[in-house]
Amino acid sequence: MIQGRSLQLATALTVILVSIGAALIVGAGLDVIAILVASSLVLTFLMLHPEEEHIAPPPPAEKLSPREDYVDLPAFRSIIHGLDAPVLIIAGGRVLTANSPALKLLGQHILGEDVRIAIRHPAAAERLTSADALTAPTKIDIVGLGTRAQRWAMRIIPLDSQRLFVFLDDETDLHAAERARGDFVANASHELRTPLAAILGFIETLQDPNAGGDAQTRARFLSILESEARRMRQLVDDLMSLSRIEADKHRLPTEMIAMPDLIAEVLSVSRQNLGERGGDIVSAIGDDLPPVQGDRLQIGQLLHNLVSNSAKYGRPGTPITVQARAVEPGMIRLEVSDEGEGIPPDHLPRLTERFYRVDSGRSRALGGTGLGLAIVKHIVERHRGRLDIASVMGKGTTVSVLLPQADRSDERDGKDTENSAPETLS
C-alpha cells in the first residue's frame, strides 16, 4: 500500500514540474503559473490523504441445523410416492419404505418386514440380503411376481452402505411384443417355405424327361404349381395389407361411407368369386342405414374376409347371413354368420392372432393364410370399433363388428371429423 502511494506522489510531482516548465517556455503569465501551482498542491494533498475505504464486514456465519436423513425428507418421499412403478427402500434386509404401487403389488404388510417375505424370489432375496455391500446398480429379471405371467426387471441401486433403492419395471408387454415378433417371423417363414418347397419339387419333376413328358402328369402338376403360387401371392398381399393398416392405425379415417352401397358391392363380388357357396349368401340390410366415417377400401376388405371365412368353414348348402343395422348409441352392427361345426371356446381368444388356426391342415387346404381375422381386428381398431366372435359347437359362428356412425353435423358442415371421433370400444 505504502509503495503504491509513493509511486503515485512521484508521478504527480513529475507532472507538476513538467507543466510549470512548459508554461515558462511558452511565456505564460504569472497568473497561469500560480493556478498550476495551486492545483498541484491540492492534488498532492488528496493523494497523501485518501478517503478510508469502507468494507462491509462479512455476515456472521449461518448456524446450520443438524444434518437430516435424506430418506426422511418430504421432497424425497414425494418423489418415491409420485412414481407409478413399484419402489422400495431396503435397509438391513427389511423394507424401510414402499410407495403405493409396491404396496398394491406386494401387500400392505411388507413395511418393516424381511424383504425375503415381501419378494419371494431366490436371486432377488440373495442380492437384497447379502452381507457384501452393493457398489454399483444391478438388474435381476423376475417372473411370476404379482401374477404367474408377469415379468419384472428389478433394478437395485445402492443409496449408501446400508440402504438400497429397489425399482420394479413391468416388462410383461415388452416381452409379449418380442415373443409375438419372433412368432410372426417364424410363422411367415414357414408359410412361405411350404409352398416354395412344393413348387421346387414339382418343377424338378417336370424337368425329368419321363415324368415331364406325360401330358396328364404335366397338367396336374402345373395346376398344383398355380395353386401354390396363388397362395404365396395371397399371403404376400395379406402381409402388405396388414402392414399398411398398422402404419395408419393412429390416423382416424374421415371418408363418409354409404354402407348399403358398399355391402351390396362386396356381396356381389363375393357371389361371383365363391362359386357354389356364393349362392348361399343372404343379406338383411336396411336402406336407412346411416353412413360410417371410415376407409371404404378397408371396410370392404373387412366384410370380404368375414364372408370368405364363413364360406370356407360353414357347411356346404347352408346360408351365409350378412346383417347390418343401426344400434345405440351411435353405432352400426355388422354381423356375418355361418352354420358350420363351430369353434371350441378355448380357441376364441386367439382367433385374431396372426397365423393362428384352429385346424392348420384344413385351413391350408381351403387356401387360408391365417391372417384374415388379424386384418379384420386391425381394421376395427383403426375405426375405433369393436370385434366380437361367438360360436356354438355344432351350430355355427357369428362375427359381429361395431362401427361408429358418422357425425351428421360434421357431414352437413363439411368439417374434418378426425378430432371428433367416438371413443374406442375395444
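In the predicted model, Asp238 is buried but takes part in no salt bridge. The nearest side chain of opposite charge belongs to Lys312, at a distance of 7.5 Å. Since the cut-off for a salt bridge is 4 Å, the separation of 7.5 Å leaves Asp238 and Lys312 unpaired. Asp238 is carried by helix α9, and, neighbours within four places in sequence aside, its contacts are with Thr369, Leu371 and Ile375.

One of these contacts, Ile375, is among the buried residues of α13. This helix is mostly covered, with 9 of its 11 residues buried. The buried set consists of Gly372, Leu373, Ala374, Ile375, Val376, His378, Ile379, Val380 and Arg382. Packing of these buried residues takes place against α9, α11, β11 and β12.

Arg382 of α13 is engaged in a salt bridge with Asp295, with an N to O distance of 3.3 Å. The two partners are 87 residues apart and join distant parts of the chain, Asp295 being placed in the loop between β8 (292–294) and α11, and Arg382 in helix α13. Arg382 is classed as buried because its relative accessibility is 5%. Just after α13, Arg384 adopts a positive phi of about 60 degrees. Arg384 belongs to the loop that connects α13 (372–382) with β11 (386–392), and it too is buried, at 17% relative accessibility.

Most residues other than glycine have a negative phi. A further exception is Phe355, a non-glycine residue whose phi is positive, about 70 degrees. Phe355 is situated in the loop between β10 (331–337) and α12 (360–365). With a relative accessible area of 8%, Phe355 is buried.

The largest nonpolar core comprises 40 residues, and Met259 and Ile263 have the most contacts inside it. At least two residues of this core come from each of α9 (215–247), α10 (259–273), α11 (296–313), β9 (320–327), β10, α13 and β12 (396–404). The greatest contribution is that of α11, which provides 6 residues. For Ile263, contacts beyond the neighbours within four places in sequence are made with Ile285, Leu289, Leu303, Val322, Ala324 and Leu334. Another core, of 23 residues, lies apart from it and includes Leu103, Ile142, Leu145 and Leu168.

In total, the structure contains 16 salt bridges. Besides the pair formed by Asp295 and Arg382, one is found between Asp114 and Arg116, where the closest N and O atoms are 2.8 Å apart. The partners of this pair fall into separate accessibility classes: Asp114 is buried at 17% relative accessibility, whereas Arg116 is partly exposed, with a relative accessible area of 47%. Glu353 and Arg350 form a further salt bridge, with 3.0 Å between the closest N and O atoms. Here Glu353 is partly exposed at a relative accessible area of 33%, and Arg350 is likewise partly exposed, at 39% relative accessibility. Salt bridges also link Lys139, Asp141, Arg155, Asp169 and Glu171 in a network.

Key:
Residues numbered from 1 in each chain as written. Predicted model: local features only at pLDDT ≥ 70, side-chain atom pairs only at ≥ 80, totals over all residues. Heavy atoms only, no water. Helix = DSSP H or I, 4+ residues; strand = E, 2+ residues; numbered from the N terminus. Buried < 20%, exposed > 50% of the residue type's maximum accessible area, 1.4 Å probe, protein only. Core = buried A, V, L, I, M, F, W, Y, C linked by side-chain atoms within 4.5 Å. Contact = heavy atoms within 4.5 Å. Lys, Arg positive; Asp, Glu negative; His and termini not counted.
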